[in-house]
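These are my notes from a session with one model. I went through it element by element and wrote down what I looked up.

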Amino acid sequence: MSNSSRRDFLKKASALGLVTATTPFESMLQAAMRTGAPQSGQSIVCIYLRGGADWLNIIAPYKDKDYAEVRPTLALEKADGLVELDADWGLHPAMRSLEPLWAEKMLAPIVAVGSPHTTRSHFDAQDFMEFAAPGNRTVRSGWLNRYLAESQDKDSSQFRAMAMQELLPRSLRGEYPVLAVPSGMDKAKGAKTLNRFEEFYGGGAGEMPAGEMPGEMERPEDAAGIVKSGKVTIETLRRYQEILAKGKTEVKYPSGRFSQRLAAMAKVLKAGEGLEVAGLDYGGWDDHANQGAAEGRQATRLKDVADSLAAFCRDMGPKMDSTTIVVMTEFGRTVRENGNGGTDHGHGGGMFVIGGGVKGGKVYGDWQGLKPERLYEGRDLQVTTDFRDVFHSVLAGTFDFKVPKDFFPDYKSKKISGMY
Amino acid sequence: MGAMRDRAVHLLSRLSFGPTEAEVVRVLEMGEEAWLEEQLAPGTEQDERLLALMPEFQTLDFSTARMYDWLREPFDGRSDSELSAAERTELQKRRRIPRGEMQRAVFARSVMSSRQLEAVLSDFWRNHFNVSYTKGGPADFLITEYDREVVRRHALGSFPEMLMASAKHPAMLHYLDNHLSRRPPSKQELAEIERRTRRRTDSRERGEEAAQIAAQRGLNENYARELLELHTLGVDNVYKQKDVIAVAEALTGWTFDSSREGGWGFRFRPEMHVKGDKRVLGRKIREDNDNGGVGEGEEIVAMLAEHKGTAEFIATKLARFFVSDRPSESIVKAVASVYRKKDGSIPDMVRAIVAHEDFWSPEAVRSKFRTPFEFLCAALRAVNAEVFDANRCLGALRDMGQPILHCDDPTGYYDTAESWLDPGVMATRWSFALDLATGKVKGVEIPVEFFDDLPQDVPRLWQHHLTKRLLPGGAGQRTRNALSTVTDEYLTKARVPDSRELGPTLVGLLLGSPEFQQQ
């Protein structure tokens with residue numbers, strides 16, 4: 001995305017009253033333009049829609065007759081207010097707030113993307129995707145954790161990676177320590193809790209350094225690293241709280257857990273503390289029944305996701321140039337709707353890649369159509385783009401990371417042509 | 001470790017969900033060996049509070065068949081398609097009841113049961129032979145019977161018997177997809193499917209489509225692989241991919257009755273079975289013609305149970321669980337040898353572990369990091385809490401990443417520090433500890449005597465009394481100093497010191513202290 005289009009995006013956002021009129025962004029941006037200095041602090045935001053989101057109704061081939069035929073009640077059409085992206089594709093009407101990102105060429109949807117593995121089990125598919133090793137059960141580290149481990153050096157920030165939730169998503173699990181932010185830590189009670197325990201974990205008034213208790217043998221809690229882990233927890237969470245307290249949210253986010261977590265994430269990213277990878281899950285996409293079309297259960301969730309992400313991008317402002325958001329799910333769903341107004345576990349799905357560095361405004365992926373003979377096992381979308389190629393592109397495009405040969409076990413990954 | 005009391009504390013730290021003063025005294029009075037034998041022998045529940053709680057659960061004793069009937073009781077035997085939308089929602093709600101009862105029962109037993117070793121071993125085997133509610137579908141109502149008849153029934157019994165029971169239980173067959181595994185359909189069968197679908201839908205296209213889909217069905221290696229990798233030999237130990245396939249072939253047809261009439265039990269379906277001899281780990285498994293093929297799988301499961309590799313793998317896991325994250329070769333050897341001599345007797349393996357010098361070595365004491373589940377159970381036991389409603393505790397377990405019977409991975413939850421000691425998680429424990437101690441965990445109560453029987457006239461001693469109760473292994477200087485700071489702060493402010501005010505704070509801090517995170 002060029003700088004002028006970035007400004008256009010921000011201008012439109014402020015016209016809508018969604019961004020404060022004074023723009024520290026613009027001055028930052030101008031400074032960057034003047035000096036030509038690279039924006040430091042690249043980052044990836046990994047959003048996982050758990051449950052297998054029905055991508056065929058997120059980016060819909062709405063002009064395809066087969067689509068309307070196999071989805072008599074679920075198919076979206078122009079009259080639904082669907083956002084026409086190009087001659088073939090329409091964005092779900094509930095996701096209209098992403099339209100400016102598309103217009104500014106920051107949004108790159110990928111269709112028919114997924115895993116070559118045949119599983120239709122949520123847990124296998126999520127494992128295989130987040131560990132980026134389909135069919136391989138011995139790999140137990142996430143693709144983002146492997147990146148962190150591969151690229152670390154002694155000056156690496158304590159804040160390189162965090163999950164904005166209590167538990168690490170599998171993509172962040174592994175040998176590299178990643179902070180999982182427990183709930184309630186941004187509140188006063190959370191701060192009080194940390195203060196309470198500080199002295200117990202070798203900080204604060206006691207000034208007893210961990211593992212160096214005078215006159216005592218090393219105690220088991222020190223030997224096992226518990227005291228140290230507690231100390232790191234206090235330090236990082238406290239710093240996290242400071243960042244939250246100091247940080248400003250430039251736009252109005254929707255209410256709800258997902259968007260509030262994104263707002264907190266944006267503060268940390270903008271604080272320039274070296275956060276490179278942030279993960280956040282959104283559950284509940286297993287729409288076997290009463291999925292709804294332009295309105296309904298899936299639409300409600302899609303609106304929340306889209307409005308939250310749009311707010312996040314506006315909030316991030318120029319920082320979006322160095323940020324990539326990846327939105328993914330474990331598999332697509334059946335092409336044909338089932339008898340319960342829903343869809344079942346399928347195969348090929350979709351992804352979004354969003355960012356200033358992304359060459360968006362174009363739908364990626366090799367689309368084979370919906371004719372039965374072109375479908376996988378006669379019922380699901382074929383996977384024509386391996387998700388690992390997307391991961392590869394995102395890592396290379398965001399961090400200039402040279403993906404090592406065995407990074408994806410038994411798979412020779414490649415960049416997706418023209419995405420960055 | 002010399003002092004008998006320290007030994008009792010250590011024994012209870014590992015063989016129960018946390019020492020309590022009463023249990024320490026009991027071990028000292030009976031002697032370690034008698035206590036161990038009592039816990040290893042079959043026995044009945046003695047804890048009054050737990051006994052009083054159990055009648056609240058209605059589905060725990062159900063067979064799956066009974067459970068299925070119970071689920072559908074309000075709907076007079078009508079099938080799903082005949083239910084209204086409201087009734088379907090009602091059925092979904094009802095389906096969540098067995099799960100909730102299971103989780104609450106597992107938690108309540110772990111905290112309160114007088115059969116502590118049985119509860120601890122159940123936790124171990126529940127993870128070893130993991131099944132999960134996250135699998136969805138019939139898992140909702142299959143797991144109750146599985147946990148009772150496979151896990152708890154054999155937790156203090158024979159490993160080979162538990163292995164066979166797990167292999168034949170619908171919950172496991174479903175969780176690891178073995179019920180879907182079958183020989184590929186023959187040409188005639190595909191033609192038949194096509195013909196039938198065409199007739200039914202009056203569409204040639206749909207008929208061909210149905211046949212195409214059917215042609216994809218075949219062998220599912222999921223269970224066979226985990227049987228070798230997770231249940232018996234350990235990852236890449238002895239077996240190769242061709243063994244996985246041979247085991248999967250032998251186990252084709254191991255499925256279950258998914259109907260009310262069939263009773264939801266194990267069922268072998270010869271028509272799904274791959275015919276012919278199999279070769280597993282270099283041994284020929286002769287085709288079982290007499291019983292349509294079920295004998296092949298039985299022979300393999302029995303063979304795996306007898307395998308040296310299985311003895312070593314189970315010994316390693318038990319030693320890691322009870323002794324140290326990195327068990328020595330010596331203890332693994334000792335336990336594996338008992339496994340082989342005593343046909344996989346679980347009590348004999350536990351005896352061998354406790355008899356081994358490693359168990360009592362100073363390096364082993366308090367070296368195990370408590371998993372979230374162990375932490376919660378130990379915390380509630382330490383304060384003698386009564387659990388009326390475990391829901392908040394179950395929620396805390398979810399926040400800490402260890403919801404009961406919800407481990408997606410067939411590995412089960414890990415029991416080593418590296419899996420749980422991430423930055424961030426400690427804060428969740430601290431919040432819970434303070435909430436629990438200050439009465440903010442709904443459904444859980446600490447008896448007031450806990451604070452009332454502190455020496456009311458000497459508030460400075462409260463921290464020592466409470467430390468002795470909650471950290472029977474003792475507190476380090478750092479923790480003692482930190483507690484003093486809190487006591488000092490309180491005493492400068494409080495006009496009349498009240499043990500019901502300061503006591504809970506001290507307890508919360510002790511439960512969140514570094515020492516309490518270990519066992």
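Leaving aside its neighbours within four places in sequence, which residues is B:Ile353 in contact with? I looked these up and found B:Leu318, B:Ala319, B:Phe322, B:Val323, B:Ile331, B:Val335 and B:Phe359. I note here that the model is predicted.

**Entry: the nonpolar core**

I then turned to the largest nonpolar core, which has 263 residues. The members that touch the most others are A:Val353, B:Val247, B:Val335 and B:Ile353. Helix α11 (residues 297-316) of chain A gives this core its largest share, 10 residues. In general, nonpolar side chains in soluble globular proteins tend to be buried together.

**Entry: two helices of chain B**

I checked α16 (residues 308-322) of chain B, since B:Leu318, B:Ala319 and B:Phe322 are among its buried residues and are also contacts of B:Ile353. Its buried list further includes B:Thr310, B:Ala311, B:Glu312, B:Phe313, B:Ile314, B:Ala315 and B:Phe321. The 15 residues of α16(B) reach 21 Å from the first C-alpha to the last, close to the 21 Å expected at 1.5 Å a residue.

I did the same for α15 (residues 294-306) of chain B. Its 13 residues should span 18 Å at 1.5 Å a residue, and the end C-alpha atoms are 19 Å apart, which agrees. Buried in α15(B) are B:Val294, B:Glu296, B:Gly297, B:Ile300, B:Val301, B:Leu304 and B:Ala305.

**Entry: strand β10 of chain A**

A:Val353, from the core list, led me to strand β10 (residues 349-355) of chain A. How many of the residues of β10(A) are buried? I count 7 of 7, so to speak of the strand as mostly covered is fair. In a regular strand the side chains alternate between the two faces of the sheet. On one side of β10(A) I find A:Gly349, A:Met351, A:Val353 and A:Gly355, and on the other A:Gly350, A:Phe352 and A:Ile354; both faces are covered.

I looked up its partners next. Strand β5 (residues 107-114) of chain A runs antiparallel to β10(A) and is joined to it by 6 bridges. A:Pro109 stands opposite A:Phe352. Strand β9 (residues 323-329) of chain A also pairs with β10(A) in the antiparallel sense, over 4 bridges. There, A:Val326 has A:Val353 as its bridge partner.

**Entry: the sheets of chain A**

These strands belong to an open sheet of 8 strands with mixed pairing, in the order β7-β6-β8-β1-β9-β10-β5-β11 (chain A). β7 (179-180) and β11 (385-386) of chain A stand at the edges with a single partner strand each, so each has one side without a neighbour in the sheet. For a parallel pair I took strand β6 (residues 161-163) and strand β8 (residues 277-282) of chain A, joined by 3 bridges. A:Met162 stands opposite A:Ala278 in β8(A).

I also noted an open sheet of 3 strands, ordered β2-β4-β3 (chain A), with antiparallel pairing. Its edges are β2 (59-60) and β3 (83-84) of chain A; each has a single partner strand, so one side of each is left without a neighbour in the sheet. β2(A) pairs with strand β4 (residues 90-91) of chain A over 2 bridges, and A:Ala60 stands opposite A:Gly90.

For chain A as a whole I recorded 12 helices and 11 strands. Of its 420 residues, 55% count as buried. Among contacts in chain A with a separation of 6 or more, 72% are between residues 24 or more positions apart.

**Entry: helix α7 of chain A and the contact between chains**

In α7 (residues 188-198) of chain A, I found A:Gly190, A:Thr193, A:Leu194, A:Arg196 and A:Phe197 buried. Seen down the axis of α7(A), they fall within an arc of 160°, so they line one face of the helix. On the other side, A:Ala188 and A:Lys192 are exposed. What covers the buried residues of α7(A)? I find that the cover includes α9 (226-246) of chain A, together with α22 and α26 of chain B.

That took me to the contact between the chains, with 40 residues from chain B and 44 residues from chain A. On the side of chain B that touches chain A, α12 (204-215), α22 (425-437), α25 (477-493) and α26 (499-512) each supply at least two residues. The largest share, 7 residues, comes from α22(B). By type, I noted 15 nonpolar, 17 polar and 8 charged residues on this side of chain B.

Terms used. Residues numbered from 1 in each chain as written. Chains lettered and ligands numbered in written order. Predicted model: local features only at pLDDT ≥ 70, side-chain atom pairs only at ≥ 80, totals over all residues. Contact = placed C-beta atoms within 7 Å. Nonpolar A, V, L, I, M, F, W, Y, C, P; charged D, E, K, R; others polar. Core = buried A, V, L, I, M, F, W, Y, C linked by C-beta atoms within 7 Å. Buried ≥ 20, exposed ≤ 12 C-beta atoms within 10 Å, placed from the backbone. Arc of directions from axis to C-beta. Expected span 1.5 Å × (residues − 1). Pairing = 2+ DSSP bridges.
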